[in-house]
There are 2 protein chains.
Amino acid sequence: MAKPPATIRDVARHAGLSVASISRVLNGHNHVHPDTRKKVIEAMNALGYIPNAAARSLSTAKSHAIGVVLPDLHGEFFGEVVRGMDKAASERGYLLLLSTMHADSRLAHQAMGTMRGRVDGLIIMAPQLSAEDLAQAIPADLPAVLINSPADATHYNLRIDNRGGVMLMVRHLLAGGRKNIVHLAGYSGNLDAAERADAFREAMQMLAPDLPVRIVEGDFTDASGEQLVQQLLADGTQFDAIFAANDMMALGALQTLRTVGIEVPAKVAVAGFDDVPMARHLGLSTVRVDMAGIGERAVRRLIDQLEGSSEPPALARQSPTLVARASTGR
Amino acid sequence: MAKPPATIRDVARHAGLSVASISRVLNGHNHVHPDTRKKVIEAMNALGYIPNAAARSLSTAKSHAIGVVLPDLHGEFFGEVVRGMDKAASERGYLLLLSTMHADSRLAHQAMGTMRGRVDGLIIMAPQLSAEDLAQAIPADLPAVLINSPADATHYNLRIDNRGGVMLMVRHLLAGGRKNIVHLAGYSGNLDAAERADAFREAMQMLAPDLPVRIVEGDFTDASGEQLVQQLLADGTQFDAIFAANDMMALGALQTLRTVGIEVPAKVAVAGFDDVPMARHLGLSTVRVDMAGIGERAVRRLIDQLEGSSEPPALARQSPTLVARASTGR
DNA sequence: GATTGACATGTAACCGGTTACATATATGAC
DNA sequence: GTCATATATGTAACCGGTTACATGTCAATC
């Protein structure tokens with residue numbers, strides 16, 4: 001019944017050849033006679049032979065696997081990123097080894113340690129880690145590509161072009177005649193939150209130096225969006241546009257405005273960042289980030305690096321696009 | 001600089017012991033003197049030793065990895081399921097090898113083949129495959145646990161309790177005084193779609209035998225939800241409740257009703273299934289499925305099986321819960 | 001006909017762990 | 001003091017591939 005799976009030596013015996021020939025056929029080496037190749041393939045089929053991955057990676061010191069370390073992402077980002085990665089990986093014959101990592105940097109270290117020896121390289125997304133913690137956590141001998149993580153001179157780093165995205169939206173809001181834009185920032189420990197807030201400040205300075213720049217800090221949750229807008233209203237702050245650092249906060253803002261009876265977009269425009277599926281349903285204008293594209297690019301780049309064609313590490317930016325919907329205008 | 005990583009023999013030499021002792025310490029075997037253990041641990045730390053996973057799994061024929069084959073899920077399910085799986089896997093010291101599988105059954109076969117020899121077992125979610133295709137695709141020698149897949153006598157199968165969930169919602173709608181409930185079904189090839197439609201029919205029969213049972217078929221997309229309701233209106237069908245087989249279709253239905261000016265829930269109640277994050281924001285009543293819980297359970301069960309404590313294969317149902325929101329009444 | 005080189009194939013060492021078995025030492029029973 | 005037993009450690013074979021090197025064959029060249 002459960003007879004042990006065929007090994008390369010079984011195939012060799014069955015084909016009347018040596019293991020070397022089998023291996024050569026397996027790896028598409030040259031110097032193999034067509035007849036021999038045929039015999040080998042027949043024997044492999046006859047025995048249902050599948051090479052043992054562990055043995056192979058032991059002798060080649062390659063696993064054809066990529067470790068992916070992602071934060072405990074909620075929402076659809078997770079799936080998006082992974083989808084893109086899987087696409088790129090399977091195209092090039094690699095498998096994805098997945099591990100989610102929680103905010104704790106000790107656990108990050110552990111997550112990556114577990115992967116050592118099982119993967120040829122790592123893709124790491126760690127927007128919540130400090131540069132030092134990150135540098136500590138990455139095994140020195142493993143090639144790695146970072147996504148949305150703190151800068152690091154030794155690794156390729158793929159980031160969202162937050163500056164470009166914010167610029168698009170600020171321009172859009174200003175074009176719609178908005179004069180008092182308030183930015184709801186994400187929590188300050190987060191890299192993208194910080195960049196978006198800075199970019200907002202800069203964009204305003206550049207595009208509308210006379211207008212006030214107001215930034216209040218939230219934590220990326222819809223509850224925080226609701227609460228920040230309530231606060232603004234309670235303070236009597238004047239505003240005709242809310243630009244949140246992500247869609248969830250924008251939705252919270254929308255919610256509060258609707259509850260209070262302030263018309264959107266007539267009185268106040270609302271915009272977010274990310275373009276979660278919900279945004280389309282609620283007519284929320286936002287900045288779309290192609291997360292699947294980022295995942296795909298990251299894996300491609302890592303494999304290129306693994307297979308030798310390695311350009312120097314650099315910081316690349318994935319450009320987002322503007323998605324104008326009902327919440328910012330007619 | 002890049003000196004080769006330490007091997008178990010290096011550690012043995014450094015500690016003045018044999019490789020067997022190192023290995024015993026590594027695997028927590030008994031018959032090791034405390035002093036020896038200490039010496040070994042010191043040597044390992046001194047050399048920064050990390051055991052080579054490939055070598056280990058070659059000699060033990062265990063990889064401590066679980067293959068996960070998921071369909072090309074869009075939306076948040078993907079992340080949810082994987083989060084649950086990762087939790088259970090990392091708790092037990094396993095890693096997740098991920099592969100998304102597209103509808104094509106040949107590709108399914110390929111996806112699982114790639115994993116052979118690299119994983120100790122498989123978790124497969126294949127709601128779109130036929131029972132035969134599925135049976136074909138799973139390597140016979142690999143333990144596997146199925147999620148939301150066609151029945152199969154040889155594997156443990158974890159499914160959503162569609163019947164229970166539908167019953168909850170139908171009861172809720174009837175309790176709200178609804179008399180003409182229309183069920184928007186998913187596309188017929190899908191297992192859950194079929195079960196939900198059947199369950200709807202049964203629930204109505206059981207709870208309100210006198211009321212009409214109407215079912216129309218869509219394809220799980222919001223566009224299809226919109227279109228089905230338009231069709232119902234065009235046909236002049238009377239209805240005071242829409243119960244869609246998933247949230248996306250329910251959202252489409254909401255959209256159409258809003259456009260046409262039919263008040264929800266005053267005139268028509270709308271309910272979905274899944275409880276995607278959007279549902280909460282739009283006040284959509286729905287049936288909540290704990291996908292993370294399913295992922296977690298599936299992995300636990302697979303590991304139990306791998307490690308010997310194997311109950312017989314069975315069909316288990318994960319119970320959903322009712323989430324009553326604005327769309328079905330106060 | 002001898003020399004050369006291209007091509008085809010085989011032999012055996014090696015990758016880095018695990019572990020059956022052998023051996024050595026300590027402990028206790030008689 | 002001897003023997004049995006438990007405990008601690010070492011030796012070497014083995015897992016299933018890859019590949020450097022050796023060997024063998026054949027056609028082309030002079």
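This tour goes from the domains of chain A to the protein surface around DNA strand C.

The model is predicted, with local features requiring pLDDT of at least 70, side-chain atom pairs counting only at pLDDT 80 or more, and totals for chains, interfaces and linings using all residues. Residues are numbered from 1 along each chain as its sequence is written, chains are lettered from A and ligands numbered from 1 in the order in which they are written, and side-chain values use heavy atoms, without hydrogens and water.

Select chain A and colour it by domain: domain 1 is 8-51, domain 2 is 65-159 + 291-318, and domain 3 is 162-289 + 322-328 (bounds from an automatic or database domain assignment). Between domain 1 and domain 3 of chain A, the C-alpha centres are 63 Å apart.

Next, select DNA strand C and the residues near it (those with a heavy atom within 4 Å). There are 29, and the closest are A:S18, A:T36, B:I8, B:R9 and B:S23. By class, 12 are nonpolar, 14 polar and 3 charged (Asp, Glu, Lys and Arg count as charged; Ala, Val, Leu, Ile, Met, Phe, Trp, Tyr, Cys and Pro as nonpolar; the others, Gly among them, as polar). On the DNA side, sugar or phosphate supplies 61% of the strand C atoms within 4 Å of the protein, and bases supply the rest.

Now pick out individual polar contacts (pairs of N or O atoms within 3.5 Å):

- A:S18: a polar backbone atom is 2.8 Å from a phosphate oxygen of strand C.
- A:H33: a backbone N or O atom is 2.9 Å from a phosphate oxygen of strand C.
- A:R24: a side-chain N or O atom is 3.0 Å from a base nitrogen of strand C.

Finally, select α4(B), which gives the most to the surface near strand C, with 5 residues (helices are DSSP runs of H or I, at least four residues, numbered from the N terminus).

Key: Polar contact = N/O pair within 3.5 Å; in protein donor to acceptor, adjacent residues only side chain to side chain. Helix = DSSP H or I, 4+ residues; strand = E, 2+ residues; numbered from the N terminus.
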